[in-house]
Amino acid sequence: ALRTAEERGAAPLAAQLSAELAAAGGRRRRVREDDGLTPQELRVARLAATGATMREIAAELHISPRTVESHLGHVYLKLGVASKHELRRRAEELGLRDPTQPVEPRGILH
């Protein structure tokens, strides 16, 4: 909401939202300008694009599988994809994978 208020030039609302966020102990997250993904959503998306399962992604990032599921839901909406399969199939096109790097086989994360 804060980012939207700032983008739309609603300075008084942005100031109020910023104060409320600070009072609640929240911090602003930086997002990628080109796709709107938060850094954590980007990490989840990149791992999902390798074919990793929810549990594998959760273990790799030290978060719960439910949190992974939530992040993936946001990723799907923001990138306009409908499933992990489509995310994996379109990974290069979406900028989630470096085409010069090999794809990690499903089920194997470091």
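This passage describes the confidence, helix packing, salt bridges and two individual residues of a predicted model.

It helps to begin with how far the predicted coordinates can be trusted. The protein chain has a mean pLDDT of 79, and 78% of its residues reach 70 or more. Among the elements of the chain, helix H4 (residues 54-61) has the highest mean pLDDT, at 94, while helix H1 (residues 2-7) has the lowest, at 74. Residues 29-33 call for some care, since the pLDDT over this stretch is below 50. Beyond near neighbours in sequence, residues 29-33 nevertheless have eleven contacts in the model. Where pLDDT is low, the predicted coordinates should not be read in detail.

We turn next to the packing of helices H3 and H5. Two packed helices are described by the angle between their axes and the distance between the axes. For H3 and H5, the angle is about 90 degrees and the axes are 9 Å apart. The two helices are therefore roughly perpendicular to each other, as angles from 65 to 115 degrees are counted in that class. On the H3 side, the contact is made by Gln40, Glu41, Val44, Ala45 and Ala48. H5 contributes Val68, His71, Leu72, His74, Val75 and Lys78. By character, the residues of this contact divide into six nonpolar, three polar and two charged.

Another residue of H3 is worth a look alongside this contact. Leu42 is found in helix H3 and is buried, with a relative accessible area of 11%. The C-alpha atom of Leu42 is separated by 8.9 Å from that of His71, although the two residues are 29 residues apart along the chain.

The salt bridges come next, and the model contains three of them. One joins Lys78 and Glu41, whose closest N and O atoms are 2.8 Å apart. Lys78 lies in helix H5 (residues 65-79) and Glu41 in helix H3 (residues 39-49), so this pair ties together parts that are 37 residues apart in sequence. Both residues also belong to the H3 and H5 contact described above. The partners differ in their exposure: Glu41 is buried, with a relative accessible area of 4%, whereas Lys78 counts as partly exposed at 36%. The cut-offs behind these words are under 20% for buried and over 50% for exposed, which means that a value of 36% falls in between.

The other salt bridges share Arg90. The side chains of Glu86 and Arg90 meet at 3.1 Å, N to O, and Arg90 also forms a salt bridge with Glu93, with the closest N and O atoms 2.9 Å apart. Glu86, Arg90 and Glu93 are thus linked in a network of salt bridges. Within this network, Glu86 is buried, with a relative accessible area of 17%, and Arg90 counts as buried at 16%. Glu93, on the other hand, is exposed, with a relative accessible area of 60%.

Finally, one backbone feature deserves a mention. Most residues other than glycine have a negative phi. His62, however, has a positive phi of about 60 degrees although it is not a glycine. His62 is found in the loop between H4 and H5, and it is exposed, with a relative accessible area of 72%.

Definitions and conventions. Residues are numbered from 1 along each chain as its sequence is written. This is a predicted model: local features need pLDDT of at least 70, side-chain atom pairs count only at pLDDT 80 or more; totals for chains, interfaces and linings use all residues. Side-chain values use heavy atoms; hydrogens and water are left out. A salt bridge is a side-chain nitrogen of Lys or Arg within 4 Å of a carboxyl oxygen of Asp or Glu. Helices (H or I, at least four residues) and strands (E, at least two) are DSSP runs, numbered from the N terminus. Buried means under 20% relative accessible area, exposed over 50%, partly exposed in between (1.4 Å probe, protein chains only). Axes are lines fitted to C-alpha atoms, for helices over the stretch in contact, and angles run from 0 to 180 degrees between N-to-C directions. Angles under 35 degrees count as roughly parallel, over 145 as roughly antiparallel, 65 to 115 as roughly perpendicular and the rest as oblique. Contact means heavy atoms within 4.5 Å. Ala, Val, Leu, Ile, Met, Phe, Trp, Tyr, Cys and Pro count as nonpolar, Asp, Glu, Lys and Arg as charged, and the others, Gly among them, as polar. pLDDT is the predictor's confidence in each residue, from 0 to 100.
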